[in-house]
Amino acid sequence: MGTAAETPFPNQPPPYADRNLYTDDVALKDALVREGGAWAENAIGEWGATLGTAAVLALGDTANRHPPELATHDARGERIDEVRFHPAWHELMRLATSAGVHCLPWNDARPGAQVARGAMVHLHAQVENGTQCPLTMTYASVPVLRRAAAAFPQLERDWLPKILARDYDARAVPVAAKRSALIGMGMTERQGGSDVRSNRTRAVRAEDGAVRLNGHKWFFSAPQCDAHLVLAQDDAGLGCFLLPRVLPDGGKNAIRINRLKDKLGNRSNASAEVEFDAALAWPIGDGGRGIATILEMVQHTRLDCVLATAGMMRAALARAIHHARHRVAFGRTLATQPLMLEVLADIALESEAATALALRLARAYDAPEGHPERALARLVTPAAKYWVCKRGPALAAEAMEALGGNGYVEESGLPRLYREMPVNSIWEGSGNVMCLDVVRAARREPDGVAALAALLDEARNVNSVYDAFVAALLRELAALADETAVARRIAQGIATAVAASLLLRNAPAPVADAYCATRLAPVAFGGGAFGAMPLRGGDAAPIVARALPD
Ligand SMILES: Cc1cc2nc3c(=O)[nH]c(=O)nc-3n(C[C@H](O)[C@H](O)[C@H](O)COP(=O)(O)OP(=O)(O)OC[C@H]3O[C@@H](n4cnc5c(N)ncnc54)[C@H](O)[C@@H]3O)c2cc1C
């Protein structure tokens, strides 16, 4: 690593590159080992090294500077509905699929496999987020497709082996002729996204148990995927269907891409508006149970929103500390100025808490059905999705500011992280919808509350602020009425309490105590800005030192 003195112009920090993103990150390493993924450390270390190279960081930048283009027709006026990507996108997809980011836990039954993959997602998020969309959806589709395979043998024969392959094959050919396959998800329509019961797309029974779909999807990300799981109405109600991009005979399925969205961020990824004109699809799961069927996929994508946001927080934090250690102002490096130290330490707390929470949550997905961990996941997933994703944009803005004017300029990487953050809060269930889900789960599923209470109990009697916070939270959960106005507070309370319990049991005391003092104490979050709650002077330095090696 260079120093400020070695750069051609004094006082401009060297680029943040050619570092191992995994071995640099004590919080991630600790969480991986603690939650059962130690056996994957070598592979994850390699993934962190690959992602941290200047060459791969540049791929992330290039893929976003050259967003995908839609080609609706060929030279003869025939519809082709093709999305064309920059080679940087394809290279990132190739790297991620060969690392197994889309499939690791489904191919490896070892305990901790979800945690290992979670660490990989966390690291990938630090480099490029558009590619995460099809990778996440593909990962999340597997439990649904496996469950449906008994009634639809084609899934086991043609689809699952290709989905689980550590390979990338972007060709638009029938799945039987592919080396690998990607899966997307189509629920949101113009008249409603959160309320998918309002879906109007119609499924009409057709030949050989298939259906023909007529209608549209208003958001249909990664339309280049080999198939999408979509919701549509049939005589039984709202059902779930597997909609292939290419027909088994090699013909194009009747999916018209009207346009690609012009988005705030996530620009490397194509998010389309599509229409179905008697498009062929196959029913998945029980008739009329489409929401219940696809919900399992949605829950896994929500886990990825938490993991990816924690990863982006880490990326923003590391760049801010790196800059502050090299930049001198008023005669001292920024990192030694007490107020900057408070800000960096506060960001580091948020980042470490998000990482600990995300990997603990991933562990809950390793448990078999019926295990209390699954009830815990049901309650904590929407809470963590709400809170971690809500903190992301504020953290990215603060980290950007730590770089001063350089932070506002694209080459620093901070503007892309900043633009990227809000989408994880919006898609896969926006903030309010997540909080309402938390309240619903807390009221209807006592097993989840019991599992939460047991987890929180493990950290009792160490920190009085934590003990008081947890007692009040559990009291409120036990008496939860049908009062949705408190839902945000409840969701935040669950997410911060779980994060605090993990830090109290596992992180050094300055980290855990400062987190409790600034997040759980009655006066916490005064004004909401990072660094506004002094961490009691000397406590800030070890927090920042822990966050990034010099
Ligand atoms: C980049 C991008 C890509 C996407 N890709 C896909 C995709 O591939 N497939 C797909 O199906 N969808 C996709 N979406 C859609 C996304 O999942 C929806 O936008 C999201 O679920 C919200 O739905 P909506 O836009 O209809 O908003 P609405 O449902 O209208 O909600 C608007 C706001 O109201 C709030 N709200 C809703 N109900 C309540 C309530 N009862 N009480 C209080 N507040 C409430 C919500 O939290 C939200 O903040 C994508 C979205 C984006 C931005």
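**Ligand shell, nonpolar core and selected polar residues**

Asparagine 11 has a relative accessibility of 24% and therefore counts as partly exposed, since that class begins where the buried class, under 20%, ends. The structure examined here is a predicted model. Within it, asparagine 11 is placed in the segment before α1, a helix that spans residues 26-34. The backbone of asparagine 11 has a positive phi of about 70 degrees, although the residue is not a glycine.

A positive phi also occurs at asparagine 266, again a residue other than glycine, with a value near 50 degrees. Asparagine 266 lies in the loop that connects β8 to β9, the latter covering residues 271-284. Its relative accessible area is 3%, so asparagine 266 is classed as buried.

The ligand is surrounded by 20 residues, of which Met187, Thr188, Gly193, Ser194 and Ser221 come nearest. Sorted by class, this shell holds 9 nonpolar, 9 polar and 2 charged residues. Four secondary-structure elements each supply at least two residues of the shell: the strands β3 (183-186) and β5 (211-221), and the helices α13 (414-426) and α14 (431-444).

Polar atoms of the protein approach the ligand at several points. A polar side-chain atom of threonine 188 is found 2.7 Å from a ligand nitrogen atom. At glycine 193 the approach is through the backbone, a polar atom of which is 2.8 Å from an oxygen atom of the ligand. Phenylalanine 219 likewise contributes a backbone N or O atom, located 3.3 Å from a nitrogen atom of the ligand. On its own the ligand has 980 Å² of accessible area, and the protein covers 65% of this.

Methionine 187, listed among the nearest shell residues, is also a partner of asparagine 199: the side chain of asparagine 199 reaches the backbone oxygen of methionine 187 at 3.1 Å. Asparagine 199 is located in the loop between β3 and β4 (202-205). With a relative accessibility of 3%, asparagine 199 falls under the 20% limit and therefore counts as buried. Leaving aside neighbours within four places in sequence, the contacts of asparagine 199 comprise Met187, Glu189, Gln191, Gly192, Lys217, Leu231, Gln233 and Leu238.

Asparagine 258 sits within strand β8, which runs over residues 255-260. Its relative accessibility is 37%, so asparagine 258 is assigned to the partly exposed class. The side chains of asparagine 258 and glutamate 275 make a polar contact at 3.1 Å. Beyond four places in sequence, asparagine 258 touches Leu70, Glu273, Val274 and Glu275. From asparagine 258 to histidine 216 the C-alpha to C-alpha distance is 10.0 Å, with a separation of 42 residues in sequence.

In soluble globular proteins, nonpolar side chains tend to be buried together. In the present model, the largest nonpolar core contains 188 residues. The residues with the most contacts inside this core are Leu213, Leu242, Ile284, Leu456, Leu477 and Ile494. For isoleucine 284, the contacts found when neighbours within four places in sequence are left aside are Val144, Leu145, Ala148, Phe152, Leu155, Leu229, Cys240, Phe241, Leu242 and Thr293. Leu242 thus appears both in the list of core residues with the most contacts and among the partners of isoleucine 284.

Helix α7 (residues 132-148) contains proline 143. At 12% relative accessibility, under the 20% limit, proline 143 counts as buried. When residues up to four places away in sequence are not counted, proline 143 touches Trp106, Glu296 and His300. Proline 143 and glutamate 410 are separated by 267 residues in sequence and by 39 Å in space, C-alpha to C-alpha.

Aspartate 108 occupies the loop between α5 (104-107) and α6 (113-124). The relative accessible area of aspartate 108 is 18%, and because the limit for burial is 20%, the residue is classed as buried. Its side chain makes a polar contact of 2.8 Å with the side chain of arginine 110. Other contacts of aspartate 108, not counting residues up to four places away in sequence, are with Trp39 and Ala113.

Conventions:
Residues are numbered from 1 along each chain as its sequence is written. This is a predicted model: local features need pLDDT of at least 70, side-chain atom pairs count only at pLDDT 80 or more; totals for chains, interfaces and linings use all residues. Side-chain values use heavy atoms; hydrogens and water are left out. A residue is near a molecule or strand if one of its heavy atoms lies within 4 Å of it. A polar contact is a pair of N or O atoms within 3.5 Å; within protein, one must be able to donate a hydrogen and the other to accept it, and residues adjacent in sequence count only if both atoms are side-chain atoms. Accessible areas come from the Shrake-Rupley method with a 1.4 Å probe; for residues, only the protein chains shown count as cover. Ala, Val, Leu, Ile, Met, Phe, Trp, Tyr, Cys and Pro count as nonpolar, Asp, Glu, Lys and Arg as charged, and the others, Gly among them, as polar. Buried means under 20% relative accessible area, exposed over 50%, partly exposed in between (1.4 Å probe, protein chains only). Contact means heavy atoms within 4.5 Å. A nonpolar core is a set of buried Ala, Val, Leu, Ile, Met, Phe, Trp, Tyr and Cys residues joined through side-chain atoms within 4.5 Å.
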